Amino acid sequence: MNSILLRVFFLLVLWLITHNIHAQRFIYQNFTTEDGLPSSECYDVVQDSLGYIWIATDKGVVKYNGHDFKVFDVESGLKSSTVFRLFAKNNRIWFFTYNKYLQFIENDSIHTPTYSSDLKQAFDSLSASPNSFSVNSNNEILIALSQPQPSSQHLIFKVSQVGLIQFISSDPHYKEFILYKEAGHNVCFGTYKGCDSTLIPLTKLSIKINGRVDTFFVRYRRNYSTLAGQAFASSDENQIELISTQDLMYRFWNNKISDSLPVPNLISNSMFNFDTNIYGLGIQGKGLGLITVSDSIITNFDTSNFELNSISGGMIDSENGCWLTSLQNGIFYIPNRNIKQFTLKWLDEPIFKITKSEGKIWVYTTSENLYVIDIKQNNIVAQYRPKNMSLLNFYQNTYEGQHELKKRLQENKFTLRHVTSKGSQMVGDSTWFVRNQEFGVYYKDEIIFSSINHLQTSKKYTFLYKTSNNLYIGTLEGILKYDLDEMSFDKSFIRLNNYRINEIETFEKNFLIATGGGGLVLMDEHFNTIKIFSEKDGLSSNNIASIHKESEEVFWLGTNKGLTRVFLPLQNWENNFEIQKINKTNGLLSDEVSDVNVANNIIYVGTKKGLCFFNYLDMKLNEQEPSIQIESIVVNRQFKKSNSNLRLSHLQNEIQIELAGLTFKDPKNRVYKYRLTTDSDTSNWITINHELIQFSELAPGAYYFEAKAVNNDGVWSKTPATLSFTISPPWWNWWLPITIFYLLLGLLIYITARWRLSQIKKRNDLEIRTRELKQMALTAQLNPHFIFNAMGSIQSLILKNKLIEAEDYLTGLAKLMRTVLNKTNEPFSSIASEIQIVTDYVKLENLRFSDSIDCQFTLDKNIDQDRFKIPAMLMQTLVENAIIHGILPAKKKGAIFIRIILDSTTEGTLLIEIEDNGVGINYSKKASKKQIFKHKSAGMDIVRQRLTTYSELYDNQFFIEFIDLSELNKEQSGTIVKMKLPYYDE
């Protein structure tokens, strides 16, 4: 009975602790589905040897590189999307799926061992499920089962790397638990579930470690038919630290159960090593549980971190950050377990001032809340929140506010001296204060001096600092000095480049001045500048809001970019000063630090998001060099699976490389440096703040790529991520193929050119010959046309009984025919020959028409009739057409004028005009329509075809135009034919 009462009392105390508003909590980040997780129900988390974080969820296994979550699910190859536990070994992530298949992920590919189905069949035959498992460096696996009853006592399976399954039987008398441990493996914890607690109030626990078997009795509680079992081993592989069974936690010491503790609603397999002698575990519906052990006893059990609830697993990563999985809220990340904040909700608001006095820390917020923290217990012991009035505002002190505060503090046996700050200073029994544009002092609840009342200054005040005889008052532009003995302002005004002066501290006989933009200024007692510490020296920022003196050599600065610790040794500080930065990446609530104070090595930091604190002696720099990996390679917009020795063609010269710097303290502000070198080039490192690197139009050659990452404390990767690739030159850039190629190309071009020229010549010759034959055919057509007309003339003479004229006509015709026949095979004829043909032809026509036709020639004096050649029979055809279709229908004396001149506008061209006084071309067309003359002239069609053929054959323009003279002068009749044609000069 006494034992039960003690347990109830302990649980009551535990409940009170977890609901204490003054408890402390960790500063954390929370990742859920909004950040990329596939589910907020997470079961386990591990880190692989490369540095990636892996999470087990009910919707797949997740890989996290600090900025992206990559999900492996059923579509990726999982046998089931639900995975409870992960084990990282040999660059593999091992796990059992919900349907009992063993799988692992390697190089982002899911693999299923060949013996996985055999294992599943063995589990099913025993109606068992994997409870825990371990993999050693040889890929040998130990598996502990959860069974409803000891069926064949097969509680432990051992699987070799080739898939040989060995069953390790337990003693059938061990009804509940078995722990199994081999060298190179973690502890495996197996359970039987179907025991009857009414018959077995105490149950045996078998522990087998590296061949040694120990038996213990553990209490079986509450008639549970199942239990949440887990064991945790220390760094000594032969030592078991803690074992959980149902709702009891057992402490092992020297291989014996030395202490126990009730842990209700423990989440199975959630226990992990949180810190030295501290173990974390999850409790259903409660906050993160922390069990502290010392020697043989459990000294503390804390679940006050209620926001981190239903924790299902956890681990400490290589950077000493803590990762927690939860059943409801995704995963939590605690970057620094040493930095905490109070769980009082009002302390989440911006902090204005922190003051230390008489063993207490006074914290004043911008909403005028005042908190008192006991330094020894480090918890909040008092809180003051005024109603409808201003409390002691350190920028805007008022008499009414101080009077009310003094009254409240006196009731609680505190004095006003506790809250003096940079806005007010105690001088004897008086309080000097600054607010906005007022500087003054009050004594015994009365203002005895005010700068506003005396109109002595109108400056805006920022702080007040007291020495033995002087008060130094900060302003937006410099420092005022007020002499307490003389009760007056010093005439001098100390300016620091018009920077705002926020606070002053002393260093030996000198002054350290915090400025808003000008850094930390060290000045001598006469306010001459000795040294300016800035960001170049290591400060977080040049905008310093506050300064706190911890000791004669250590100063803490609050800036808009975090906290800075400055160590100035009294001896040779110029060469030995040290500056350390602490910011949000180290675990602070915010980088915007308004004030800082120190007590018992506890640093209290007031930020824009509230108050946090840490023990400086426990703070450690992140000395872990970040792992740097090449996440992906894209060549010409195509992903490459392999990263080793890529051989690319000369066209594959667009390369994009995505990096992953596996440091998780500051994932949003990652910095990388890289270089791309060749055999003939050693490029300098290039610093970037993004993951993607693009190379465009790379020249052929062998390349070596290196990249490094830096962590939040400035530690760079020692081992860079590397990539070797070769871009091959085009084959024509090699000298031997080039030589052969150009020889063959030259030979091919020569053969092709010769063949082509011969083909062109043959084609041209053929075309020319064809056109010449066509021209000759057209010329030959004139002969029958001319003969037909001549026969008509002879017939006409015979019918008229003009036999002598007919005989003369035949004689002239014979002469003319010989001349025409000689021209048939010649496309061109001299102008003299053409004139002779026309003259002979007109003479023949005059024989028929009784000398009724007069033909006259006019030639340019520059025309050489014997050398200049024109198309043969051209003029004769036009003259013949003029006589038959123009002069004869007119029934009058006919006249034909032929003019041949050189074209002055175009070199090598003749202008030929043939004019007659016949009926005209318009009358001739009308008569033709009325069929007055049934003879259709074929001569004009032949002329046009000949001129067209000449243009195609000789690439020249041959022009002909027919004009009715009546269009030029109504009183005239007749036709003029104008031709423009090149001539051939032999």
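1. A quick definition before we start: two strands count as paired if DSSP finds at least two bridges between them. Helices (H or I, at least four residues) and strands (E, at least two) are DSSP runs, numbered from the N terminus. With that in hand, β54 and β55 (residues 638-640) pair in the antiparallel sense over three bridges. Val635 sits across from Gln638 in β55. The hairpin these strands form has two residues between them, and Asn636 has a positive phi there, near 50°.

2. Some ground rules. This is a predicted model, in which local features need pLDDT of at least 70 and side-chain atom pairs count only at pLDDT 80 or more, while totals for chains, interfaces and linings use all residues. Residues are numbered from 1 along each chain as its sequence is written, and side-chain values use heavy atoms, with hydrogens and water left out.

3. The overall picture: the chain holds twelve helices and 70 strands. Of its 986 residues, 50% count as buried, where buried means under 20% relative accessible area, exposed over 50%, and partly exposed in between (1.4 Å probe, protein chains only). Take the contacts (heavy atoms within 4.5 Å) between residues at least 6 apart in sequence: 54% of them join residues at least 24 apart.

4. Back to β54 (627-635), this time its other partner. Strand β57 (residues 655-662) pairs with β54 in the antiparallel sense over eight bridges, and Ile628 stands opposite Gly661 in β57. β54 is mostly covered, with seven of its nine residues buried.

5. Pro626 deserves a look as well. You'll find Pro626 in the loop between β53 and β54. Is Pro626 buried or exposed? Buried, with a relative accessible area of 3%. Setting aside neighbours within four places in sequence, Pro626 is in contact with Leu662, Thr663, Ala709, Val710, Asn711, Val715, Trp716 and Ser717. Phe664 is 38 residues from Pro626 along the chain, and their C-alpha atoms are separated by 9.1 Å.

6. Upstream of that loop, β53 belongs to an open sheet of five strands, in the order β1-β30-β53-β52-β51, with antiparallel pairing. At the edges are β1 (24-26) and β51 (593-599), each pairing on one side only. Neighbouring strands here are turned by 30° against each other on average, direction ignored; the axes are lines fitted to C-alpha atoms, for helices over the stretch in contact, and angles run from 0 to 180 degrees between N-to-C directions. Within this sheet, β30 (residues 340-342) and β53 (residues 610-615) run antiparallel and are joined by two bridges. Gln341 stands opposite Cys612 in β53.

7. There is also an open sheet of four strands, ordered β31-β32-β33-β34, again with antiparallel pairing. Its edge strands are β31 (351-357) and β34 (379-384), each of which pairs on one side only. The twist averages 20° from one strand to the next. Five bridges join β32 (residues 360-365) to the antiparallel β33 (residues 370-374), with Val363 opposite Tyr371 in β33.

8. Now the cores. A nonpolar core here is a set of buried Ala, Val, Leu, Ile, Met, Phe, Trp, Tyr and Cys residues joined through side-chain atoms within 4.5 Å. Which residues touch the most other members of the largest one? Met875, Val879 and Ile914, out of 44 residues. Beyond its neighbours within four places in sequence, Met875 is in contact with Glu834, Ile835, Val838, Ile870, Ile898, Ile900, Ile912 and Ile914. Another core, of 29 residues, lies apart from this one and includes Val45, Trp54, Phe72 and Met315.

9. Helix α9 covers residues 874-890. Because 15 of its 17 residues are buried, α9 is largely enclosed by the rest of the structure. There is a kink of about 35° in α9, centred on Ile883 (the bend at a residue is the angle between axes fitted to the seven residues ending there and the seven starting there). Right after the helix comes Lys891, with a positive phi near 55°.

10. Last stop, β69 (residues 975-982), where six of eight residues are buried. β67 (residues 909-916) pairs with β69 in the antiparallel sense over eight bridges, and six bridges join the antiparallel β68 (residues 959-964) to β69. Look at Lys978 in β69: Glu913 stands opposite Lys978, and Lys978 is also the bridge partner of Glu961.

Key. The expected span of a helix is 1.5 Å times one less than its number of residues.
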